[in-house]
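Visitor: I've got the structure open and I'd like to know where the labels come from. Can you walk me through it?

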Amino acid sequence: MNSLLNKSELTNGVEIHTDLLSTVPTALSIKRAQRLGKPHQEPNKDELGVDGCRLCNPEKLAGKPKLDFVAGGKVASFPNAAPFLPYDQKVLFVWHDDVAIRKGKIHITKLGELRKIDFYLLLKGVIECARRFAKNPITSYDIPRMVLGFNFGKLAGQTIPHIHAQYGWDSHVSRETICDRRLGLYYRELAQEQLIIYPQDENNGEVKLIAPWSPRGQYHVDLHFARYEIHKFSERDIKIFAHFAWRIVKHYVETLGIQNINIVFMGSPLQREVVPVVAQFVPRINMPALYEVLGVNVVDTPPSAVAASFRSICWQEEVKIAEAYDPEEDWKNLIS
C-alpha cells in the first residue's frame, strides 16, 4: 500500500492520480486514447525560412535588442519582449558570428533535427545567466525561483520556429518542503510500481529516469537530478541532460511519432533545498481538455505503459555515452 502515490478509481475506467511532487492531479482515461479525431502529429513548419528567421537575423527582432553572449560566445540571448515573469527573463539560442554558419549549420526548426550540442549549449548558457543573477542582492522579501523550458512545436506553444530556450525567475510562494526521508520513500514507492526506468536500484546514481505517477501528458517522462538548484549543475549533469534529452526526443520522434513537446525544469528557490531538480518531458498530443481548465490533467497513457516503452533503451549504456561526450569536438564537427 503506497502512502505518497495516491489513486482514486472512478467509474468509466477513470483513475485520479496524485503524488508527492505533482502540482495538480491527473485523470487517467484509457478510453480517451481510442477516440476519433485526435490531431495528427506533424513536424514544425519553417514557414519564414532561414532568411526570415528572427534569430538567424536578429536585426528583425522587435525593438532590436542588444544581444548578450554566453557559453564562450556560442549562445546568444536577449530579454523577452513580452515577459510573464517578474525577474530576469531571456530567450537563448545557439549562435555563431558567421552568418553563413548560422543559416547553413545552426538553424533548425523540427524536433527530429535537434542535436546533442543544442541541448548542451542552451543549458550551459542558461546556467551562466542564472549564476550571474544569483550573485545580485535581492531587494525585496520575495524568494526567486529559476524557470527554464523549451517549447517544441505549435501544440507546445512554440512561437519562434528556430529552436531556442526560455529562461527566467519567478517569485516562489509555496512553503512546502520535502525532507530526504519522504523523498526516499517516494522513490521506493515508484520502484515498487516499476516506474523507475533508470537505474535498477532507486538509491543509486545522481540521475533517475522516471515515468511519473501523475503524468501531465502522454508518454511523459521525468529526469531527476541529485541537485536542488539548476544553476548548481556540474559539467557531468549538463552532459547527462544533453544526451538523455537527445535520446528521449529521438524515441518520441522515431518510435512514438510525437512532434510537439514541452521540456520544463522544476527545482528549489534560490539558496533553498526544497525539491530536487526535475526535467519534465511532456509530449503535447492534444489541445487542452475542458477538465484541464479546472486544474486536472487529462492523460490517456498509464505510467506503466510509458515505463515499458522507454525500457526498450539500455540506459546504462546511454550514461556511459553521456559521460564520454565531448562538446567541443561536437561543436567543431557542426560548424566545419
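Guide: Sure, and keep in mind that this is a predicted model. Let's start with an open sheet of four strands, ordered β1-β2-β3-β14 and mixed in its pairing.

Visitor: What makes β1 and β14 stand at the edges?

Guide: Count partners: β1 (5-9) and β14 (297-299) each have a single partner strand, so one side of each has no neighbour in the sheet. On average, neighbouring strands here are turned by 25° against each other, if you ignore direction.

Visitor: How do you know that β3 and β14 pair?

Guide: Pairing takes at least two bridges between the strands. Strand β3 (residues 26-29) and β14 have three bridges, in the parallel sense, so they pass that cut-off. In β14, V298 stands opposite A27.

Visitor: On to the helices. Why are α5 and α8 called oblique to each other?

Guide: Helix α5 (residues 235-254) and helix α8 (residues 315-323) pack at about 130°, their axes 8 Å apart. Roughly perpendicular covers 65 to 115 degrees and roughly antiparallel begins over 145. The angle of about 130° falls in neither range, so oblique is the label. As for handedness, α5 passes α8 in a right-handed crossing.

Visitor: Which residues of α5 and α8 make the contact?

Guide: From α5 there are R236, K239, I240, H243, F244, R247 and I248, and from α8 there are W315, E318, V319, I321, A322 and E323.

Visitor: How many residues of each class are in the contact of α5 with α8?

Guide: Seven are nonpolar, one is polar and five are charged.

Definitions and conventions: Residues are numbered from 1 along each chain as its sequence is written. This is a predicted model: local features need pLDDT of at least 70, side-chain atom pairs count only at pLDDT 80 or more; totals for chains, interfaces and linings use all residues. Side-chain values use heavy atoms; hydrogens and water are left out. Axes are lines fitted to C-alpha atoms, for helices over the stretch in contact, and angles run from 0 to 180 degrees between N-to-C directions. Helices (H or I, at least four residues) and strands (E, at least two) are DSSP runs, numbered from the N terminus. Angles under 35 degrees count as roughly parallel, over 145 as roughly antiparallel, 65 to 115 as roughly perpendicular and the rest as oblique. A crossing is left-handed if the near helix is turned anticlockwise from the far one by less than a right angle, and right-handed if clockwise. Contact means heavy atoms within 4.5 Å. Ala, Val, Leu, Ile, Met, Phe, Trp, Tyr, Cys and Pro count as nonpolar, Asp, Glu, Lys and Arg as charged, and the others, Gly among them, as polar.
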